[in-house]
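Here are a few short exercises to work through with the coordinates open. Try each task before reading its solution.

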Amino acid sequence: CRDFQKKNIKYWDLELDCHPFPHCIIKNFLGSETFVENLQRELLELNFHEKSNDLYKFKQSDDLRKRTEPHIAGLRAALFGRFRSWLGEVLGVELEPTVDISCAKYEYTDVLLCHDDELEGRRIAFILYLVPPWQSSDGGTLDLYTTDSNFQPQSIVKSLIPSLNTLVLFEVSPVSFHQVSEVLTQDKCRLSLSGWFHGPSLERPPRHIEPPVPRSPHLPRDETLLLEWVNPVYLDISYQEQIQEEFEDSSEIQLKDFLKEEKFREVREALRLTQIQWTRRGPPNKRCYEAASLDTLPQCVSACWELLRSEAFFLLLSNFTGLRLHYLCPADDDDDNKDEEREDVLDGKAMGSSTESPSSANTSREKGPSTPVCCGELRRWSHGSYTLLHDAEAARAEYALDLVLPFCGADWQSEFGGFTCYVANEEDEELLTVYPEDNSLALVYRDKETLKFVKHVNHKSSSGSANSSTYGAFYDFSFVYYE
């Protein structure tokens with residue numbers, strides 16, 4: 001592409017395009033229809049494993065480098081033999097003989113979200129489609145993103161519809177952001193072979209670092225706000241002690257029917273008003289959902305926002321959790337032995353890989369005067385919304401208390417997605433899943449080794465009854481509190 005003046009070149013069954021990054025499409029890649037049919041048959045007889053995390057959901061075979069089925073072995077030998085040599089000559093790059101190939105099946109609601117494929121040694125990515133007749137309405141397109149001046153993905157500018165016996169190649173680079181859009185058909189399987197040709201990686205610029213989210217101290221509001229909004233059962237001191245005991249044992253709790261019913265209904269109805277302005281949060285390799293502009297909130301929604309930021313609520317959270325979120329909360333270092341006893345009793349039950357309870361974590365960190373602060377958003381989740389784990393988030397991870405208060409309707413189901421997963425950093429271990437539930441206040445304390453993501457909201461959320469109370473979307477207040 002760098003040697004051509006034109007950005008798009010077509011010649012018979014081959015198309016070369018440089019926008020938004022260099023990629024090549026070769027139709028009728030395999031010369032024999034019989035070979036294609038037999039290859040499909042061999043692949044469909046493989047064992048496939050469910051793959052699901054923040055980035056994807058689909059089924060994948062084991063690595064195919066040692067498979068002995070004749071058509072799989074024949075294609076593998078051709079791709080990583082003569083074809084690799086030809087590709088290296090065309091690119092002027094010495095491609096290694098490394099074999100990296102597997103088979104993927106994408107079925108209804110399966111997806112692979114925005115990413116760039118960059119990993120040490122990957123130089124050229126390839127996908128060979130072995131699909132039935134396919135239309136854009138079936139989903140499962142290979143979407144290519146433009147990038148901004150910070151090498152962050154912006155928007156989809158090209159979508160490649162899968163086609164039988166078509167090979168797609170693209171250069172793995174700092175700007176090769178792409179996704180496999182969600183499969184929307186319930187009747188077809190998106191079968192493909194994919195992998196990478198290895199060679200010297202392209203130089204990568206320094207990774208863009210997002211500015212930290214501003215944090216604010218509490219708003220000066222007294223307990224009358226709690227009396228107006230909060231279910232009276234949660235204002236009972238003895239019940240707060242029970243909650244704190246349970247929270248310190250597990251580092252998480254869900255408080256059902258948290259707001260007074262009439263207040264909850266009022267806010268839930270107001271959230272659907274058109275006066276609220278929603279802004280898409282990105283970039284898509286990190287997140288995709290809508291956040292409300294606070295100055296457009298209806299009065300009752302704004303009042304709920306103030307509740308969660310109020311001084312009285314900070315103190316209430318202290319009573320629920322034992323964390324020092326208010327100066328009236330007793331200091332943990334009054335009795336050093338109490339913390340050691342808690343650690344022995346918990347024996348690793350606290351959220352994350354640390355063995356510290358929420359209270360004992362205070363004494364193990366460096367002490368110093370600080371003001372409790374928080375940051376928050378009012379979010380709208382609909383089909384296609386998600387958040388992803390990323391390196392910058394891991395680097396900034398710290399002790400914090402997460403709060404989520406959902407407004408989702410009684411018919412929101414876990415299979416729709418939109419639930420929050422907590423995972424141990426650099427591990428596959430899932431520590432906790434919090435499902436959105438109407439008027440259920442979720443509190444989760446996490447340590448420096450714990451990360452979270454919101455699972456992709458899939459097509460099932462918008463394909464229900466027109467009378468559905470969710471209207472294909474749900475809302476939540478999301479806050480993070482720091483001691």
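**Exercise 1.** Which residues does Lys455 touch, not counting residues up to four places away in sequence? Then work out whether this lysine has a salt bridge.

*Solution.* Keep in mind that the model is predicted.
- Start by locating the residue: Lys455 sits in the loop that joins strand 23 (450-454) to strand 24 (473-482).
- Next, list its contacts: Ser52, Asn53, Tyr56, Lys57, Ser385, Gly417, Gly418 and Phe419.
- Now look for a charged partner. A salt bridge needs a side-chain nitrogen of Lys or Arg within 4 Å of a carboxyl oxygen of Asp or Glu. The nearest side chain of opposite charge, Asp54, is 7.1 Å away, and Lys455 is buried without a salt bridge.
- Finally, check the backbone: the Lys455 side chain reaches the backbone oxygen of Asn53 at 2.4 Å.

**Exercise 2.** Find where Trp12 and Ser251 lie, and decide for each whether it is buried or exposed.

*Solution.*
- Trp12 is not a glycine, yet its phi is positive, near 55°. Its place is the loop between strand 1 (8-11) and strand 2. Trp12 counts as exposed because its relative accessibility is 79%.
- Ser251 also has a positive phi, about 65°, without being a glycine. Ser251 lies in the loop between helix 4 (237-250) and strand 14 (252-255). With 0% relative accessibility, Ser251 is therefore buried.

**Exercise 3.** Inspect the peptide bonds leading into Pro20 and Pro283, and place each proline.

*Solution.*
- From His19 to Pro20 the bond is cis, with omega near 5°; Pro20 is in the loop between strand 2 (14-17) and strand 3 (23-26).
- From Gly282 to Pro283 the bond is cis, with omega near 0°; Pro283 is in the loop between strand 15 (278-281) and strand 16 (287-292).

Methods. Residues are numbered from 1 along each chain as its sequence is written. This is a predicted model: local features need pLDDT of at least 70, side-chain atom pairs count only at pLDDT 80 or more; totals for chains, interfaces and linings use all residues. Side-chain values use heavy atoms; hydrogens and water are left out. Helices (H or I, at least four residues) and strands (E, at least two) are DSSP runs, numbered from the N terminus. Buried means under 20% relative accessible area, exposed over 50%, partly exposed in between (1.4 Å probe, protein chains only). Lys and Arg count as positive and Asp and Glu as negative; His and the chain ends are not counted. A polar contact is a pair of N or O atoms within 3.5 Å; within protein, one must be able to donate a hydrogen and the other to accept it, and residues adjacent in sequence count only if both atoms are side-chain atoms. Contact means heavy atoms within 4.5 Å.
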